[in-house]
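Thanks for making the time this morning. I would like to take you through one chain, and I suggest we look at it together before I say anything about it.

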Amino acid sequence: MSNMNQLLDVLIIGGGPAGLNAALVLGRARKNVVVIDDETPRNWVTRETHGFVTRDGASPREFRKAAKEQIAAYPSVQFASDTATTITGSDGDFVVKTTQGVSYRTKKILFAVGKKDLPLDINGLTEVYGKSAFVCPYCDGWELRDQALVIIVSGDKALHMAKVISGWTAQYTICTNGSNSLTDEQREELKRHNVTVFDAPIQSINSEEGMVHQVVLNDGTAIPCTGVFFQPKLFTGSELPKAIGCEITESGTVIVDASGKTSVAGVYSAGDAASEMYQAITAASLGALSAVSINNELNFEKWDEPSHL
Ligand SMILES: Cc1cc2nc3c(=O)[nH]c(=O)nc-3n(C[C@H](O)[C@H](O)[C@H](O)COP(=O)(O)OP(=O)(O)OC[C@H]3O[C@@H](n4cnc5c(N)ncnc54)[C@H](O)[C@@H]3O)c2cc1C
């Protein structure tokens with residue numbers, strides 16, 4: 001196992017919008033930083049990222065490339081294409097080991113590990129995910145405006161999604177995919193707004209080259225459409241926060257305070273890992289916020305060292 005004897009200021013685990021914006025802020029604050037990233041983000045399936053001013057329409061890869069080019073101006077930030085696997089130590093001197101056998105020592109850790117999709121359990125969904133089936137209307141609603149859409153959603157979220165989607169198109173139906181969980185009042189309200197609800201389980205999503213053309217139900221109903229929104233089941237992007245004792249919600253979100261601090265001293269988290277907003281610009285802003293908090297903490301700690309007096 002190779003060793004990095006240098007004690008880093010910050011090790012950032014995850015190189016998506018959150019980790020990259022944190023790296024930019026910390027690089028400009030003259031901190032020694034390594035960003036470890038194994039490049040398996042959820043949004044790799046999509047062609048374009050929308051709603052991020054100056055980057056609207058950029059692919060996730062273009063986004064990361066542009067970020068790294070800008071961060072290269074700050075030589076105290078290094079990147080490693082690797083997976084962090086274990087963490088030992090405590091605030092001021094953590095040791096992070098990776099699959100490639102590298103061992104990093106660092107004062108602080110920022111988890112920007114995102115979230116992951118649980119395997120998609122609808123036949124044909126994988127083929128269209130990121131091409132004509134999406135998870136967030138704020139990300140991809142504009143591209144599907146005024147089109148015939150199927151919204152796969154159940155329970156209380158169905159009414160909520162119906163109201164949200166109605167801003168982009170009037171032609172949409174709801175498929176609860178076998179979950180008969182809407183109340184009579186919710187069904188009545190949807191009916192009043194001319195929204196059709198299908199409860200039968202989905203047999204398949206039929207598509208050509210990633211473009212959906214119909215959703216077929218087990219009872220034989222075929223719903224023509226050119227787009228789908230669905231609600232993926234998510235889980236944590238990495239088990240490491242939990243492994244080192246960070247408090248986590250049931251849905252796998254790292255619990256942080258307003259500055260991105262976790263329940264473990266010296267450990268921060270930002271982006272999708274620590275929020276349920278799931279927008280690139282939100283992730284980047286949370287990364288920036290955590291970086292400011294980490295940097296202040298480092299500077300204040302140094303201020304109090306005897307050698308600084
Ligand atoms: C299909 C789809 C379309 C989307 N479209 C949009 C859009 O148009 N606009 C928008 O604003 N948002 C969009 N989003 C959401 C957006 O992509 C996320 O909110 C954003 O990428 C979150 O950034 P992040 O940095 O928190 O995490 P991520 O971008 O997920 O990055 C986390 C990184 O951490 C790495 N990682 C995890 N564990 C480890 C480990 N142990 N060691 C090393 N690396 C690790 C992962 O490989 C990954 O690269 C979309 C999401 C999806 C799924």
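How much of the chain over residues 9–284 is helix, and how much is strand? Over that stretch the chain is 22% helix and 29% strand, with the end C-alpha atoms 20 Å apart; please keep in mind that this is a predicted model. I chose those bounds because an unreviewed UniProt entry carries the annotation "domain: FAD/NAD(P)-binding" for residues 9–284.

Turning to the domains, the chain is divided into domain 1, which takes in 2–117 + 233–308, and domain 2, which takes in 125–230. Their C-alpha centres lie 35 Å apart, and 7 residues of domain 1 are in contact with 7 residues of domain 2. On the side of domain 1 that touches domain 2, there are 2 nonpolar, 4 polar and 1 charged residues.

Where, then, does the ligand lie? Both domain 1 and domain 2 give residues to the shell around the ligand, so it lies between them. That shell has 19 nonpolar, 17 polar and 6 charged residues, and of the 42 residues around the ligand, Gly-14, Gly-16, Gly-114, Cys-139 and Gly-271 come nearest. At least two residues of the shell are supplied by each of α1 (17–28), β2 (33–37), α4 (137–140) and α8 (280–303).

Let me stay with β2 for a moment. Strand β2 runs parallel to β3, residues 77–81, and 5 bridges join the two, with Val-34 standing opposite Gln-78 in β3. Together with helix α2, residues 60–71, these strands make a right-handed β-α-β unit.

Key: Residues are numbered from 1 along each chain as its sequence is written. This is a predicted model: local features need pLDDT of at least 70, side-chain atom pairs count only at pLDDT 80 or more; totals for chains, interfaces and linings use all residues. Helices (H or I, at least four residues) and strands (E, at least two) are DSSP runs, numbered from the N terminus. A residue is near a molecule or strand if its C-beta atom, placed from the backbone, lies within 6 Å of it. Ala, Val, Leu, Ile, Met, Phe, Trp, Tyr, Cys and Pro count as nonpolar, Asp, Glu, Lys and Arg as charged, and the others, Gly among them, as polar. Domain bounds come from an automatic or database domain assignment. Two strands pair if DSSP finds at least two bridges between them. A crossover is right-handed if, with the strands pointing away from the viewer, the path from the first strand over the helix to the second runs clockwise. Two residues are in contact if their C-beta atoms, placed from the backbone, lie within 7 Å.
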